[in-house]
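Here is a friendly briefing to read alongside the sequence and the 3D view. It covers charge pairs, a helix with two sides, and the empty spaces.

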Amino acid sequence: MAGGLLLAAVPGVQAQEFQLLDALENAYETNPRLKAARAELGAVNERVPQALSGWRPTVQVTASAGKERSFSEGGGFSAGAGGNSGRVQETTSPRQGAIEIVQPLYRGGRTVAGTERAENEVRAQRFRLENTEQTVLLDAVTAYMDVWRDMAEVRLNENNERRLERQLEATRQRFEVGEITRTDVAQAESRLAGARAERIAAEGRLSSSRAVFREVIGREAAADLTAPEAIEGLPESLSAAIALAEESNPSLQAAEFDEQAAERRVREREGELLPEIQLRGRLSAGRETSFAGSKNEAASIMAEVTIPIYQAGLVSSQVREAKQVENQRRLEGEVSRRNVRQETVTTWEEWTSSQAQITSLQAQIEAAEVALEGVQQENAVGARTLLDVLDQEQELLDAQVSLVRARREDIVASFRLLSAIGRLTAEELGLDVAYYEPEEDYRAVRDSWFGLSTPSE
């Protein structure tokens, strides 16, 4: 599915496609929720070099310097016949430095398991980012269509209010000449007051929708919006939609990688019960560490083996905990699978239902327009009352409002279906934006041995 995914069904509506696409592009580039999800993925990327550090050496340098004064007192040799007690005082300036390198050779398989666990966590987080991207874009579509719907409802209610004002004026004139009663005037006044109240309520809903539009998309809604009539690239059947969702839904794929990460976590914890082997090298030098004028130097390289015997039951408990988490992730994967299936079925039914409603409402509006014209003509010759005209006008207005809402539901449901099958992304929609490439940020840090700057800096 390329940039032509949004398909206008009638000629002459090219601008509407760009209006909706512009809104999606702005949301993709400016939405803080999506940016936060990218930063979260960047943080999870760092778990891989942290795990790989188990293969790398650690280097440590220590140094010390200062003054030291010592006193000693006791029997000593003198020129006198019987010896003499003496007191000795000595001041030294000890200085010492050392460098130590420790190279792990074997850590019970923890480094391998930890690296695999971190890599699966990165893959899971990428799909969570994709899910967030789909959610943001779906929110943008919903906000856009809500504003479009509320604008249309305001226009319909304004038109209805103006029509009722004209009708009330005509009714008052007919009352003044005695053609109708005061009751007819009251009925017209009542309908006008109700129409005015509904118009005010519609304007309030439009203001709220505009606020949501600004929050999600990051800019004010245009003075007038039009909606695409249809979308290409949707599944042809419910079974096909379910199959695509189970294959490509990002939340389901994230759950699968979470389960694999939890499995590696168990192996990582079990590695703490196995021996460790490391190579330790040390080089040190010092002056006046024992007495004034003394020097010492030392160098060593040692292979060390550490065999855990008993760790107070801590590691055993951590292994059991990791196994329970693994089981939890497996069950959560099944929950995600059921949720995805349910969401796909629900969205499919909403989409097909809205299309059927649109067809029925269009037929209802055509019939209501014909009926209104007939009732107005019959009212002119006295065969119908004013109340009949008002009722028929209200029926037509209700059908028009219902059609607007059904069209909104049709577009939103179709985009929700795209989200369920994992295709509501900037790249799938062909948005004209700079796509975020998670692999680039990952490669920038995976084999990094040092450095404090993030890929975005």
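In this predicted model, Arg330 counts as partly exposed, because its relative accessibility is 38%, which lies between the 20% and 50% cut-offs. Its salt-bridge partner is Glu326, with the closest N and O atoms 3.3 Å apart. Glu326 is buried, since its relative accessible area of 16% is under 20%.

**Salt bridges**

- Arg330 and Glu326 are 4 residues apart in helix 8 (residues 314–380), so about one helical turn separates them.
- Beyond this pair, salt bridges with shared partners join Arg47, Arg117, Glu121, Arg265 and Glu268 into one network.
- Within that network, the side chains of Glu121 and Arg47 meet in a salt bridge, at 3.1 Å from N to O. This pair links distant parts of the chain: Glu121 belongs to helix 4 and Arg47 to helix 3 (residues 47–52), with their positions 74 residues apart.
- What is the relative accessible area of Glu121? The value is 12%, so Glu121 is buried, whereas Arg47 is partly exposed at 36% relative accessibility.
- Another salt bridge brings together the side chains of Asp146 and Arg149, at 3.5 Å from N to O. Asp146 and Arg149 are 3 residues apart in helix 4, so about one helical turn lies between them.
- Both Asp146 and Arg149 are buried.
- The count for the model comes to 44 salt bridges.
- As general background, side chains of opposite charge can pair when their charged atoms come close.

**Helix 6 and its two sides**

- Helix 6 covers residues 238–248, and Ala241, Ile242 and Ala245 are buried there.
- Why do the buried residues line one face of helix 6? Seen down the helix axis, they fall within an arc of 100°, so they share a face.
- Ser239 and Glu247 are exposed on the other side of helix 6.
- The packing partners of the buried residues of helix 6 are helix 7 (250–270), helix 8 and helix 9 (386–420).

**The largest pocket**

- The largest pocket has a volume of about 460 Å³. Its lining draws two or more residues from each of helix 2 (32–45), helix 4 (110–176) and helix 10 (426–429).
- There are 21 lining residues, and those nearest the centre of the pocket are Glu130, Glu133, Thr425, Glu427 and Pro438.
- Which element gives the largest share of this lining? Helix 4 does, with 6 residues.
- By residue type, the pocket lining holds 9 nonpolar, 3 polar and 9 charged residues.

**The cavity**

- Rolling a probe the size of a water molecule over the atoms shows where empty space is left.
- The model has 1 cavity of 30 Å³ or more, and the largest cavity has a volume of about 50 Å³.
- Asn160, Leu164, Arg191, Ala195, Leu390, Glu393 and Gln394 line the largest cavity.
- Helix 4, helix 5 (182–217) and helix 9 each contribute at least two residues to the lining of the largest cavity. Helix 9 gives the largest share, 3 residues.
- The lining of the largest cavity divides into 3 nonpolar, 2 polar and 2 charged residues.

Technical notes. Residues numbered from 1 in each chain as written. Predicted model: local features only at pLDDT ≥ 70, side-chain atom pairs only at ≥ 80, totals over all residues. Heavy atoms only, no water. 1 Å grid on protein atoms, 1.4 Å probe; cavity = no way out; pocket = protein on both sides within 12 Å on 5 of 7 lines; lining within 4 Å. Points joined across faces, edges and corners; volume = space filled by probe spheres on them. Nonpolar A, V, L, I, M, F, W, Y, C, P; charged D, E, K, R; others polar. Salt bridge = Lys/Arg side-chain N within 4 Å of Asp/Glu carboxyl O. Buried < 20%, exposed > 50% of the residue type's maximum accessible area, 1.4 Å probe, protein only. Arc of directions from axis to C-beta. Contact = heavy atoms within 4.5 Å.
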